Amino acid sequence: MQEREFKADLFDVVEFIHDESKYVAYEKYSYWRSTFRTFFKSKFNIFLITAVTVLVLMAFLYPVFYSSDPYSANTDFYQWNQAPGDGHLFGTDSLGRDIFARTWYGTRTSLLLAFIIAFCDVTIGVFAGAIWGYVKKVDRPMTELYNIVMNVPQTVYLIILSYILRPGFWTIVIAKASRGWLSIGKFIRNKVLVIRDSEYNIASTCLGTPLRRVVIKNIIPFLVSIIIMETALSIPYVIGSEVFLGFIGLGMPTTSVSLGVLVNEGKNSFQNYPYQLIYPTSIVAFITVSFYIIGNRFADSSDPKNHI
Amino acid sequence: MKKYIVKRLFHTMISIIVLSFLVFMLLRLMPIEGYFTREEYESTTPAQRELILIENGIKGKPLRGYLNYMKGAIVFDFGRSNKIYPDVPISTLIIEKAPYSGLLGLASMIISVILGCLMGLGMARGKNKFPDTIGTAYIVTVRAVPRLVYLFFIQVWITGLFMLPLLFYTDRPESWIMPIVSLSLGSIAWYATWLRRFLIDEENKDYIKLARAKGLDEKYIYRNHIFRNAVVPLVHYLPAQLLLTISGSLIIESLYSIPGLGGLLLTAINEMENGLVLALVLIFSTLSVVGIFIGDILMAYVDPRIKLSEEGV
């Protein structure tokens, strides 16, 4: 073999160009920036996020824009079952209560319910799942518990718990969360098992990466995206269950205002006054569909395979 | 294989026992008014009521009450209904109502398996194209919008559109159409989602690439390799679904007033008739547990990998 001499003037220093570096190497790769960039690349996602933000803000801040009280019934006969129009944007119900105010108020109650349940599910689920995955001893009893609880059809489970406890806000929280954490826990357990023993983590450990860095850089991003997705996806399910429980008479008490109560009230007067059902339900449907799509889209963009 | 079945059977029995025990104990906490009709309650003294409750296993030693109840349950004797159908044995009620739920459920299951698989196939073939978009829109709507809402709109609007009856009549076959269709909507979406996912997973596997590289006919690959392997995981859920059709759909049976078991549970809840609620919940849970058991066994027969891994242990 002929020896070759490399002279310094054969090479020049190349400037770092951000856009090109994407195609060559991942030197400036940041997981979160890439996730959000992928997510906001789609105009549809931006639209959904904006719309959901506006709706959620509206549900919590509607008294600022609108002065009607959702509870104030009216003794005046002419105020009952008014068609949508001036004064009452969505009309009034059979007791003269303003449906626009009731819709936002109900949305707030149901969103609050959904957020609390999602929070309980996810926090307990992630902790339990992490322990379930890491500690071998708990694996058997936890799996047995999971199998026994999941063997009961979800509707039957919801019904029996709401039947035994007194129907109400916290009953729904208990009934949903006592089951929901298990499925998230199982999901996290499977993920933890896969991540813990995956080759890139073993490689990192072999190369001397401290455990702290492995946890922060390799494991947390994986779990956080799952957590956000699960939270977003559980909101439509919670709202759906609340409406269902209201229908079978085990939901929120009819004196309170929630989407389940609204849907069931609107359903009863649908034949004569269809707007009493249509307006509230279209907002329910829009919120649940948006959360569902956002959850799925976010899951897609949090997958590093879709980042390039 | 035998060892596996015995092991799974043992697990199933334990699940059923634990479940029935928990449900039985929890229902003992309910107010006792739920065990009497109004006249009975007013015409008896508290001491007499106490005696009746002990006899039925609601008061007194919990374990003995449970064992007595289960002894009856095994021979399909759940006591008698008191408020809704005074003095009719609960088992007679169940036998009378189960066929309606079961028939509706079976019909809807056949429809949803066929349509759902077709839809999943279409979506996977036209991935990221028009059929996929339409299918996804359908799935998202069905999954995210509360069921009660769209089922109610279907009952009110679509039945009118096709001049079908708004309620269910046992002697008018055309009144069966809408309940079956509405019952299928959810499960069509379910089958389509999973079949699409499994098909796409399967399509990207190495052996399919090899088959393509060998120059095999695309249709042949799809039919004999991709579809066959993708359908297998769905088999797991079929028995549970089939058995659960007997329990009926609470929403649909109540909307169309179908005299089925789901509707019976709703009436029992509204009337607070504890004995009936207990019997129905036990039956529904047992059906689900047994369905999952059969699904597991079926999977072991269909998928050779499960058998191998079990023998290795």
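Q: In this predicted model, why does the distance between the end C-alpha atoms of helix α10 (residues 218-235) of chain B agree with its number of residues?
A: Helix α10 of chain B has 18 residues, and at 1.5 Å a residue these should span 26 Å. The expected span uses one less than the number of residues. The end C-alpha atoms turn out to be 25 Å apart, which agrees with the expected 26 Å.

Q: At which residue does α10(B) bend?
A: The bend is the angle between an axis fitted to the seven residues ending at a position and one fitted to the seven starting there. For α10(B) that angle is about 35°, and the residue in question is B:F227.

Q: Which helix has the lowest mean pLDDT among the elements of chain B?
A: Chain B as a whole has a mean pLDDT of 83, with 94% of its residues at 70 or more. Helix α9 (residues 206-213) sits at the top of the chain B elements with a mean of 91. At the other end, with a mean of 53, is helix α15 (residues 304-312) of chain B.

Q: How many helices and strands are there in chain A?
A: Read along its sequence, chain A goes α-α-α-α-α-α-α-α-α-α-α. So by the DSSP runs, the tally is 11 helices and 0 strands.

Q: Which helix gives the most to the largest nonpolar core?
A: That core has 98 residues, and A:I248, B:L148, B:L265, B:I269, B:V277 and B:L280 have the most contacts inside it. One helix of chain B gives 13 residues to this core, and that is helix α14 (residues 274-302).

Q: Which residues does B:L280 touch, leaving out those up to four places away in sequence?
A: B:L280 is one of the residues with the most contacts inside the largest core. With its sequence neighbours up to four places away left out, B:L280 touches B:L261, B:L264, B:L265 and B:A268.

Q: How many residues does the second, separate core have?
A: Among its members are B:A124, B:I188, B:A189 and B:L199. This separate core has 16 residues.

Q: On the side of chain A that touches chain B, how many residues are nonpolar?
A: The contact takes 30 residues from chain A and 31 from chain B. On chain A's side, α11(A) gives the most, with 7 residues. By type, that side has 7 polar residues and 1 charged, and the nonpolar ones number 22.

Terms used. Residues are numbered from 1 along each chain as its sequence is written. Chains are lettered from A and ligands numbered from 1 in the order in which they are written. This is a predicted model: local features need pLDDT of at least 70, side-chain atom pairs count only at pLDDT 80 or more; totals for chains, interfaces and linings use all residues. pLDDT is the predictor's confidence in each residue, from 0 to 100. Helices (H or I, at least four residues) and strands (E, at least two) are DSSP runs, numbered from the N terminus. A nonpolar core is a set of buried Ala, Val, Leu, Ile, Met, Phe, Trp, Tyr and Cys residues joined through C-beta atoms within 7 Å. A residue is buried if 20 or more other C-beta atoms lie within 10 Å of its own, exposed if 12 or fewer, and partly exposed in between; C-beta atoms are placed from the backbone. Two residues are in contact if their C-beta atoms, placed from the backbone, lie within 7 Å. Ala, Val, Leu, Ile, Met, Phe, Trp, Tyr, Cys and Pro count as nonpolar, Asp, Glu, Lys and Arg as charged, and the others, Gly among them, as polar.
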